[in-house]
Amino acid sequence: MARKKIALIGSGQIGGVFVQLAAARELADIVLFDILEGVPQGKALDIMEASPAAGHDIHVQGTNRYEDIEGSDLVIVTAGLARKPGMSRDDLVTTNSRIMRSAAVAIRENAPDAHVIVISNPLDVMVTLCHRITGFPKNRVMGMAGILDSARFAAFVAMELQVSVKDVHTLVLGGHGDDMVPLIRYANVNGIPVMYLLEKKYGAEKAMEVMSEIVKRTRYAGGEIVGLLKTGSAFYSPATSAMAMAEAILKDQKRVLPVCALLEGEYGVNGYFAGVPCVVGANGVEQIIELELNREERTMFDESVSHVKAMVDNLSL
Ligand code: A3D
């Protein structure tokens, strides 16, 4: 079987962590692309030189030529500005739209059969641009956000309950903004509702307060990291979340993951991308799973998607 090939458009913080994760798993050969001369080449050489000590064997090439992404099975786009303290994701839209336009044209021309995972922010807008410009079928263009947001939710629940994060399962839907929708009802510790455990620990009233704080922290988790780092945004957790999607596609795992996918009637949304649970496998987004939302969840989901719609409707495509 031929070796798989992944192209990373953007060789910054997330691109750098992703390539290290991919090498450790020997997931695929990697092409690191960036407009900065020397950076992708330097990172590629560094990983190749790490291989003998690490005992992994993949080929990593750094490049400034889009032609080198030819034949990629998967393209991951992280190109663009990251947030600095005081910025919202939406503040990145003008610059990152320009970057996404050039990346999407290059993907269409050089890797027409690839799956594409978009990570650049504002995520829901960037994945829309990428889908419209490449013209790829909707199952092959998706955004990474829900896995990260759900992982943050799970991490905070595990910290609060002092249980292994391995046993905590959470789901965050909607747009990748501060109005994302962490689903409290579906949060569980190996099947035991998180609210049940919080109520046992604190009683009903305080349990709800604690959960509200966890939800708030989840929504602003990206900003919390930006505030601490001061020079950029989170990169370990986004790269690790993208890895879950990449493995699901390249190994045809049929994972059930929250993914930013194009909705065509699902969840009452038509023609916009939003975070929803999907089955992800060799055909990309193979199925969108529609959950029954209660009135409160529905209201939050609609609000979150209306924010995405407003941003997307403002774009000249
Ligand atoms: P950073 O380390 O700055 O890397 C971005 C890279 O993009 C840099 O190396 C740039 O040189 C490169 N670049 C700029 N313009 C182009 C271009 N035209 N073509 C190719 N490469 C270019 O950022 P990062 O890796 O930390 O973050 C990358 C993106 O991911 C940002 O937009 C972040 O806001 C976003 N991000 C998204 C999430 C989600 O959960 C969706 C989380 C964290 C960061």
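The following exchange covers cysteines and salt bridges in a predicted model.

Modeller: Residues are numbered from 1 along each chain as its sequence is written, and side-chain values use heavy atoms, with hydrogens and water left out. Because the model is predicted, local features need pLDDT of at least 70 and side-chain atom pairs count only at pLDDT 80 or more, while totals for chains, interfaces and linings use all residues.

Biologist: How many disulfides does a search of the whole structure find?

Modeller: A disulfide is a pair of cysteine sulfur atoms within 2.5 Å. For Cys260, the closest cysteine sulfur is in Cys278, 9.0 Å away, which is too far for a bond. Cys278 is likewise in no disulfide. Over the whole structure, the number of disulfides found is 0.

Biologist: Is Cys278 buried or exposed?

Modeller: Buried means under 20% relative accessible area, exposed over 50%, and partly exposed in between, with a 1.4 Å probe and protein chains only. Cys260 has a relative accessible area of 2% and is buried. With a relative accessible area of 0%, Cys278 is buried.

Biologist: How many salt bridges does the count come to?

Modeller: The rule asks for a side-chain nitrogen of Lys or Arg within 4 Å of a carboxyl oxygen of Asp or Glu. One of the pairs is Asp252 with Lys254, at 2.9 Å from N to O. By this rule the count of salt bridges is 13.

Biologist: How many residues apart in sequence are the parts that the pair Arg25 and Glu247 ties together?

Modeller: The closest N and O atoms of Arg25 and Glu247 are 3.5 Å apart, and the two form a salt bridge. Arg25 lies in helix 1 (residues 13-25) and Glu247 in helix 9 (residues 236-250), where helices are DSSP runs of H or I, at least four residues, numbered from the N terminus. The pair therefore ties together parts whose separation in sequence is 222 residues.

Biologist: Is Glu247 buried or exposed?

Modeller: Its partner Arg25 has a relative accessible area of 37% and is partly exposed. For Glu247 the relative accessible area is 14%, so Glu247 is buried.

Biologist: What is the relative accessibility of Glu109?

Modeller: Glu109 meets Arg108 in a salt bridge, at 3.9 Å from N to O. Arg108 counts as partly exposed, at 35% relative accessibility. Glu109 counts as exposed, its relative accessibility being 56%.

How values were computed. Helix = DSSP H or I, 4+ residues; strand = E, 2+ residues; numbered from the N terminus.
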